[in-house]
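Thanks for coming. I have one structure to show today, so let me put it on the screen.

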Amino acid sequence: MESAGPMIHFQNVSKEYESQTALHDITLSVEKGEMVFLTGPSGSGKTTLLKLIYLAEMPDHGSITIAGWEATELRESSIPFVRRNIGVVFQDFRLLDNRNVFENVSLALRIRGVGEREIKTRVADALKTVNLRHKADSYPRRLSGGEQQRVVIARAIVAEPTVLLADEPTGNLDPDTAHDVLRTFKDIHAKGTTILIATHNRELYRNSGKRIFRLHAGSLLGEEVC
Amino acid sequence: MSAPYAFKLALQSLMKDKWINLLSMLTIFAGLFIISLSFFIFYNINEATRNLPEKFSMVVYLEDNLSREKVDGVIVAVRSRREVASVKFISKEDAFKELKSTLKNSPYVLEGIDDNPLPDSLEVKLRRDAMGSEPVLRLSETIKKITGVSEVDYGEKFLSTLHDIKNGVRTVGIILAAILSTGIVFVCYSTVKILFYRRSDEIETFKLLGATKGFIRAPFIIEGAAIGTAGGLTSLVAMHLLQHLVVLKMATSVPFFNSVLFPANIFMFLPLIGTFLGISGAAIALGRLKY
């Protein structure tokens, strides 16, 4: 059921894959409009935690609240509608190679049933935000890693989600491009979007003044402000 | 999702996997063509035998020396039966005349027969809906019990053979249609399943972006419908080609083919049948897939 409270809340959440602990007894909260970082080494559970937020996985124990919705109580038919409040920058991009940049970005709007005219305006705005308007007709395979990353960001923000999740958004980028991507996130955050960025790139959150959640071997070691 | 976008996705998939789709369409065409051909044969057998019962009559032989009143009584009793369309009295004299006329080229057959050996009789025509070996047998048993009737004769072998032929052709047709229709549904089911697996990455992305099951399913349903409709249309064209290039051409040299009827108004529904079977296959496949 929808209720007032933090935008994302984990209460004693655990998740296992074939008896291997992926997350253990995680409790954390992200407030509305907050931008936070999730860090930890590879295999620490960052991606699993994000998957639990965008409902690609369900917890084995504990409860998760996203934008007021209790994840474990959702009916299967309601999941798509909750996901529409969440924009995701996937680590593996998940771009469709047989569609150009415009079509990839517009997909998030078509799924929501947005009209053709509005799609054109909003996709153009999203591509402008990530400085890729000139690449609208290009196909993903013709783009560099940094450009593909920005297409994914455009797709994640085009529907103006209340929550934006980014899984290693600078993993394949050079420092300059990584800096540009971070600046894009800050611009989006300035508009009031709640953002959770999973990364092991310390440069991304150093001196950011944002809260950092540290994960190790599936457990939350603590949180700090950098 | 807007309907045009679902059609666009379906069209993209039809073009992208054109060989799988073409193969499925040809399989559906073959199935529907065989069903149509069976129906074509059954329809013509049915039409050819439709008028045969009108030539059929039951003969009721009366006892000798029956008074006119009693004969009229028998006629009224027979005519009152629901199955009876008409009753005609044939006197023994008329019957003998007709026999002589029939045997006029073989007069030796009747040599030595001075007295008329034939009885008075009634020629009974039956209604079309009363045709069938069982109802006719029941009627003959009832008529036999009427006072003044000595014997009832009817073409039981003719009737039962006719009945058996029609029933046999119909049964074979229904079984064939059921098997092939199931086959067509299975072809659509398998095609959609293959296409679904080939696009599983794309579907996963759709889901993660918030697509409902309806959004994901719609293009596949349209694709199934398109494959089925194309198969139906092709079989319709093939049936017309068969009629115009084979049956009508053969009719010029073989008179039998002149009486072959082509039920064009029924074959017109072939594309719709294809659409229905295509949608059914796609719907079953999507219902069984986990996504």
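I will go through the confidence, then one sheet, then the contact between the chains.

This is a predicted model, in which local features need pLDDT of at least 70, side-chain atom pairs count only at pLDDT 80 or more, and totals for chains, interfaces and linings use all residues. Residues are numbered from 1 along each chain as its sequence is written, with chains lettered from A and ligands numbered from 1 in the order in which they are written.

The complex has an ipTM of 0.88 and a pTM of 0.74 from the predictor. For chain B the average pLDDT (the predictor's confidence in each residue, from 0 to 100) is 87, and 96% of the residues score at least 70.

Now the sheet. In chain A, six strands make an open sheet with mixed pairing, ordered S6-S7-S8-S3-S9-S10. Strands here are DSSP E runs of at least two residues, helices are H or I runs of at least four, and both are numbered from the N terminus. Pairing requires at least two DSSP bridges between two strands. At the edges are S6 (86-89) and S10 (219-225) of chain A, each paired on one side only. S3 (35-39) and S8 (194-198) of chain A run parallel over four bridges, and A:Val36 stands opposite A:Leu196 in S8(A).

Finally, the chains. Contact means C-beta atoms, placed from the backbone, within 7 Å. By that criterion, 14 residues of chain A touch twelve residues of chain B. On the chain A side, H2 (79-83) and H3 (101-110) of chain A each give two or more residues; the largest share, three residues, comes from H3(A).

How values were computed
Contact = placed C-beta atoms within 7 Å.
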